[in-house]
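I opened the model to look at one helix, two helix pairs and one loop. My notes follow in the order I looked things up.

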Amino acid sequence: MADPGAARAAAASAAAGCVVAGTVAVTVAVVAGPGPGLTGYVSEAGITDSGYAGAYRIGIFALAAALLLLAAALPPTLRTAAVLLAAGGTCTVLSGAVTCSAGCPLPPFEAATVADLVHGGASVAATAAVVFAMLALVFAPAAGRPLRRIAGAGAALALPLSGAIALAMLVVGRGELVGVLERLLLAVAAAWGLATATALGLSRRP
């Protein structure tokens, strides 16, 4: 019979690799692509007309795999966080599969297509699921001190950034403020995922 602890450690190690690969691919697509820089959304690197759309989608699907692997790497006692990560991974797959139109317009200041709304909604849901997974780990004694500390640091950064992005999108819409905040939030989520996967891979919890 396979050792469940070893299987979870292997899933965590694979998740760490997917986080790194996905982050690199998306970063390359955003930096090298023809997007509007910090005034646009990260998702604009994935529109059909972008020469780096393929790299962007590969990165997004790698990050989705990272979330699903993280969910599998968590011990059974952390089911709430695992379910949230699995939901986040599923929404990330949908976000990568449904391409937004040029500029990735979103209400209330821009007219959006159905694809824009699906893509935007899936992206928001995926990010929210990751942030809630952090909180679930913070308040789960069974998570252990290392995971709770990592989750606490991630949540302490992600929560105010999430609130600031929501407020900025409703008040000022697209612009450099939202662009910078979005990138910071995604960087926090990626760093938390990598740190959590590394901690799980090293712990080999039975």
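I count a residue as buried when its relative accessible area is under 20%, and as exposed when that area is over 50%. The model is a predicted one.

**Helix H3**

I began with the length of H3, which covers residues 79-97. Its 19 residues should span 27 Å at 1.5 Å a residue, and I found the end C-alpha atoms 27 Å apart, so the two agree.

Next I asked which residues of H3 are buried. I listed Ala81, Ala82, Leu85, Gly88, Gly89, Thr92, Ser95 and Gly96. These take up an arc of only 140 degrees around the axis, which means they lie on the same side of H3. In general, residues three or four places apart on an α-helix point the same way, because there are 3.6 residues a turn.

I then turned to the other side of H3, where I found Arg79, Thr80, Val83, Thr90 and Ala97 exposed. What do the buried residues of H3 pack against? I noted three partners: helix H2 (53-73), helix H4 (114-138) and helix H6 (176-203).

**H5 and H6**

I took the axes of H5 (residues 145-171) and H6 and found that they come within 9 Å and cross at roughly 165 degrees. Angles over 145 degrees count as roughly antiparallel, and I therefore entered H5 and H6 as roughly antiparallel to each other. The crossing of H5 past H6 is left-handed.

I looked up the residues that meet. On the H5 side they include Leu147, Ile150, Gly154, Leu157, Leu161, Ile165 and Met169. On the H6 side they include Leu177, Leu181, Leu184, Val188, Trp192, Ala195 and Leu200.

**H4 and H6**

For H4 and H6 I noted a packing angle of about 50 degrees, with the axes 11 Å apart. I therefore entered this pair as oblique to each other. H4 also passes H6 in a left-handed crossing. From H4, the contact uses Thr127, Val130, Ala133, Met134 and Leu137. From H6, it uses Leu185, Leu186, Ala189 and Trp192. I had Trp192 of H6 listed in the meeting with H5 as well.

**The loop between H3 and H4**

I checked the backbone here last. Pro107 and Pro108 are joined by a cis peptide bond, with omega at about 10 degrees. Pro108 sits in the loop between H3 and H4.

Cys104 is found in that loop too. I noted its positive phi of about 45 degrees, although Cys104 is not a glycine. Is Cys104 buried or exposed? I entered Cys104 as buried, because its relative accessible area is 4%.

Technical notes: Residues numbered from 1 in each chain as written. Predicted model: local features only at pLDDT ≥ 70, side-chain atom pairs only at ≥ 80, totals over all residues. Heavy atoms only, no water. Helix = DSSP H or I, 4+ residues; strand = E, 2+ residues; numbered from the N terminus. Expected span 1.5 Å × (residues − 1). Buried < 20%, exposed > 50% of the residue type's maximum accessible area, 1.4 Å probe, protein only. Arc of directions from axis to C-beta. Contact = heavy atoms within 4.5 Å. Axes fitted to C-alpha atoms, helices over the stretch in contact; angles between N-to-C directions. Parallel < 35°, antiparallel > 145°, perpendicular 65-115°, else oblique. Left-handed = near helix turned anticlockwise from the far one by under 90°.
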